Amino acid sequence: MKLAARVNQVSPSLTLAISAKAKEMKASGIDVCSFSAGEPDFPTPQHVCDAAKKALDEGKTKYGAVAGELALREAIANKLKTFNKLDYSAQNIIVTNGGKFSLYNLMQTLVEEGDEVIIPAPFWLSYPQMVKLAGGTPIVVDTKADTNYKITPEQLQAVITPRTKLFILNSPSNPTGTVYSPSEIRALAKLVVDNDILVVSDEIYENILYDDAEHLSIGAVSPEVFQRTILCNGFAKSYSMTGWRIGYTAASEEIIGAMGKIQSHSTSNVCTFAQYGAIAALNESQECVQTMLKAFTERREYICQAINNIEQLSCPRPDGAFYVFVDISKTGKKSLDFCSTLLESEQVAAIPGIAFGADDCIRMSYATDMETIKKGIARLERFVSSLG
Ligand SMILES: *Cc1c(COP(=O)(O)O)cnc(C)c1O
């Protein structure tokens with residue numbers, strides 16, 4: 001049997017593979033400290049679960065509109081107006097199977113053979129794969145710790161060509177925790193307009209911000225950039241709803257209509273009663289978001305200091321999300337080797353930076369309890385010193 005050629009163009013998700021391996025080891029009784037998870041370690045807030053249960057009892061168990069329940073699209077539009085200063089209506093929104101399918105569907109909708117998509121590295125590992133699956137060419141731009149892993153306007157301008165279709169912006173960033181300041185967002189927005197390209201803004205970590213970090217949606221900068229912005233977001237990270245699979249895209253009616261076409265032949269609507277949980281998440285108290293943020297804040301303080309106290313390791317202080325991106329170059333090891341030896345010898349799971357386009361780094365998630373963090377860091381320190 002011959003598989004389609006496109007399968008060979010992509011690699012499987014390394015983060016999902018390592019998380020699965022760590023879970024498997026745990027299940028077989030091994031004491032694993034896992035920093036691999038890309039999901040909050042809190043249960044989904046009770047009022048969200050209650051709303052979904054109520055919808056289930058009320059018989060919201062049938063096919064729904066492909067683009068999502070109108071009440072949810074209205075709640076999203078309202079949230080985007082209030083919190084992000086973006087003037088969208090329900091017609092500008094499509095609810096998708098997680099933020100991931102928002103991005104996948106969007107690439108299928110916009111990108112074709114010959115199109116270039118600019119992706120700053122370190123990147124969320126699915127971006128380049130999704131671009132390739134759509135037949136496009138990922139243009140990866142390396143950023144370094146000394147610019148806090150941010151693409152500069154000069155770097156962006158230098159890679160824009162007549163074939164540039166999209167620029168993918170992810171702030172706060174997975175894997176680095178970087179947050180672009182409002183003035184940095186404005187500078188990038190100017191280039192988007194001047195060069196007449198589109199920007200995809202993946203804002204899934206917008207609520208997880210530390211100290212005085214501020215999130216500015218790039219579409220809110222000006223009407224000119226708003227027209228060229230496609231916003232992707234979801235409920236997974238803000239509301240600890242990773243398994244619910246609810247995300248959304250906001251864009252022009254033309255793009256949303258086209259995505260609806262693709263969606264009508266792929267996933268159809270997102271699980272109907274789950275969408276009622278998402279409505280409750282947006283319309284009811286936001287205290288749950290703050291409770292999680294408070295825990296992340298304490299852990300970030302601890303993990304960041306502890307890593308930087310280990311002689312051969314360093315990481316910038318993340319301004320958002322729940323990851324530290326640790327430079328391991330002084331250990332002389334590459335990321336895959338580092339992570340697999342660390343898992344074998346100390347039962348500590350972390351994600352090799354090569355998955356995100358940075359082979360001299362590893363990603364450690366602190367979406368796990370303080371006890372695991374303390375124990376895991378002690379093991380990491382022992383591991384690094386054993387490398388000599
Ligand atoms: C988690 C994540 C997503 C989407 O997650 P879903 O579970 O599909 O909603 C999108 N972008 C980034 C950067 C993420 O970390």
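The following exchange asks how some terms apply to serine 171, one sheet and the largest pocket of this predicted model.

Author: The model is predicted, with local features requiring pLDDT of at least 70 and side-chain atom pairs counting only at pLDDT 80 or more, while totals for chains, interfaces and linings use all residues. Residues are numbered from 1 along each chain as its sequence is written, and side-chain values use heavy atoms, with hydrogens and water left out.

Reader: Why is serine 171 called buried?

Author: Buried means under 20% relative accessible area, with exposed over 50% and partly exposed in between (1.4 Å probe, protein chains only); serine 171 has 5% relative accessibility, and therefore counts as buried.

Reader: What makes the approach of the side chain of serine 171 to tyrosine 180 a polar contact?

Author: The side chain of serine 171 reaches the backbone nitrogen of tyrosine 180 at 3.0 Å, and a polar contact is a pair of N or O atoms within 3.5 Å, where within protein one must be able to donate a hydrogen and the other to accept it, and residues adjacent in sequence count only if both atoms are side-chain atoms.

Reader: How do you know that β11 and β12 pair?

Author: Two strands pair if DSSP finds at least two bridges between them, and 2 bridges join β11 to β12 (residues 361–365), running antiparallel; strands are DSSP runs of E with at least two residues, numbered from the N terminus.

Reader: Why do β9 and β11 stand at the edges?

Author: The open sheet has the order β9-β12-β11. β9 (323–327) and β11 (351–352) each have a single partner strand, so one side of each is left without a neighbour in the sheet.

Technical notes:
Helix = DSSP H or I, 4+ residues; strand = E, 2+ residues; numbered from the N terminus.
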